[in-house]
Every structure is written in C-alpha cells, then in structure tokens.
Amino acid sequence: MVDKYKIIGPLYDFLNVVYGGNQFHKCKTFMNKDLKEDDKILFAGVGHGRDAIDAAERGAQVTVVDLSATMLKNVEKNLKGKNFKHPIRLVHSDIFEFTETAEYDFVVANFFLNVFPEDFMVKVMQHLATLVKPEGFFVVGDFHYPKGNVFTKAFQNIYWYIAVGIFTVFAKNAFHKIYNYPKHIEAMGFTVTECEDVNVLLVPALWSMKAQRKTIAKPQQQEAA
Ligand SMILES: C[S@@+](CC[C@H](N)C(=O)[O-])C[C@H]1O[C@@H](n2cnc3c(N)ncnc32)[C@H](O)[C@@H]1O
C-alpha cells in the first residue's frame, strides 16, 4: 500500500491547528453530540483520530479505517493511556475493501472526500452510504461550499485553495474546486437533517452536515368500510 501521508502525515493535526485553531476539531466533532451509548460509528480516512476518540469517550463503538500506516500510528499515539467502554477498532485498509454493509448508525467522512477527484469522490460516497444502517446517518465535515457575498466567497475559495495546494504537493491529493456535498448526499437518496457552519476569522469556512437515509413511506392501510 502506498502511503501518501508519509511526509505530511506526522504534521497533519499540527497543520490543522495552525490553519484553523480549534475550528477543524469543532467541525469534525460537531455531530458526535447526537451519538448514543453503544452506537456503532465508522470514521473513514480517520487521520489522527481525535474525532474518533471524542466518539469513544461518549461510549460509542468506534471503528476507524485508513489507508495510511503513518496516520494510523498517530491514532495509536493519541490513544495511549486512554480507556473507553468500547476500545477503538483500527483497520488498515482501502475504504473500498471495507464492506461491513448496513452495520453503522453513523458513517463519518471528515475532510476525507476532498482528497478525490469529483467523479471518484461520488463513488466513495456511494460506497460509504452502503455501510450506513437503514435509519442511520452519514456525516460529512469539510470546507464550506462558497456561499454569501463576494468577500465571503473569496475568503472561502482562498482558504480552500491554499489547503488543497499544500496537500496536492505533499500528499498527491486531487486539485479541484470545493465540492457541494449536500447536493451529492441528497442525490444519493439521503436527507440532510442538520448543517452547521464553523467560522474561521468570522467567516463560515468549514461545515458539518448530517444526513439520514430517506425512509420509504409505508402505504396507508385502507380503513374497512
Ligand atoms: C485529508 S486526510 C483527513 C483526515 C481526517 N479524517 C481529518 O478529519 O483530519 C485524508 C485521510 O484519508 C486517508 N485515505 C485516503 N484515501 C483513502 C482510501 N482509499 N481508503 C482509506 N483511507 C484513505 C488518508 O490516508 C488520510 O488519512
């Protein structure tokens, strides 16, 4: 397995803090508030896993998957000395080889989908959607789609393009415009039930969204005459 995060991986969380203070962590953990004890939650492309640790501290059953051994070593480092109701399960794998269909109450993709070109990203999303339980949730935390006045949109774009530029050079991530995740999620048959902006320098530069699989309404029974 090629580890694209060998160089930048060890610095990943540090760079998050330099670039956004605590706002990246806030974005990545925002929807954890909705977890119930023993819920099953998957973090795809987990990185350093502080969001996964937050979920485990809430009593959830946490599985994390990442292709990068460097990133998973950092999760292990962050786990040292911590005990949870359910120990975190670490899986070193390509997300496409992880096929625990309909097993998870929550499937989380924090700053994960943006590493792919758009057509491939949609395939990753579709795969992640198969892992969600019928009434479960799909959570995405990422850079905010440009919205608002001209200055807000300019800030959102600059903020994204600096980040993607660095990660294209050091981790060979795809270089592309900001994705409109709610549009893609809804197209997959999910309903976005919550969407929270996270500000950087007073501008909504990040967001976290939670979407639920649409349930098919049962046909109403006709009352007996
Ligand atoms: C930009 S980092 C995001 C890390 C973390 N989720 C966060 O919020 O900071 C993308 C992560 O996805 C992982 N990744 C990339 N492609 C993957 C794949 N096909 N399967 C599993 N993990 C993958 C990388 O190794 C990296 O840890």
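## Ligand contacts

A nitrogen atom of the ligand lies 3.2 Å from a backbone N or O atom of Leu67, a polar contact in the sense of a pair of N or O atoms within 3.5 Å. Another such pair joins a nitrogen atom of the ligand to a polar backbone atom of Ile95 at 2.9 Å, and an oxygen atom of the ligand is 2.9 Å from an N or O atom in the side chain of Tyr12. The protein buries 94% of the 590 Å² that the ligand exposes when taken alone, with areas from the Shrake-Rupley method and a 1.4 Å probe.

## Basis of the model

This is a predicted model, in which local features need pLDDT of at least 70 and side-chain atom pairs count only at pLDDT 80 or more, while totals for chains, interfaces and linings use all residues. Residues are numbered from 1 along each chain as its sequence is written, and side-chain values use heavy atoms, with hydrogens and water left out.

## The sheet

Seven strands (DSSP runs of E, at least two residues, numbered from the N terminus) form an open sheet of mixed pairing in the order E3-E2-E1-E4-E5-E7-E6, where pairing requires at least two DSSP bridges between strands. Strand E3 (89-92) and strand E6 (190-200) stand at the edges with a single partner strand each, so one side of each is left without a neighbour in the sheet.

Strand E2 (residues 61-66) runs parallel to E3 and is joined to that strand by four bridges; Thr63 stands opposite Arg89 in E3.

Definitions and conventions. A polar contact is a pair of N or O atoms within 3.5 Å; within protein, one must be able to donate a hydrogen and the other to accept it, and residues adjacent in sequence count only if both atoms are side-chain atoms.
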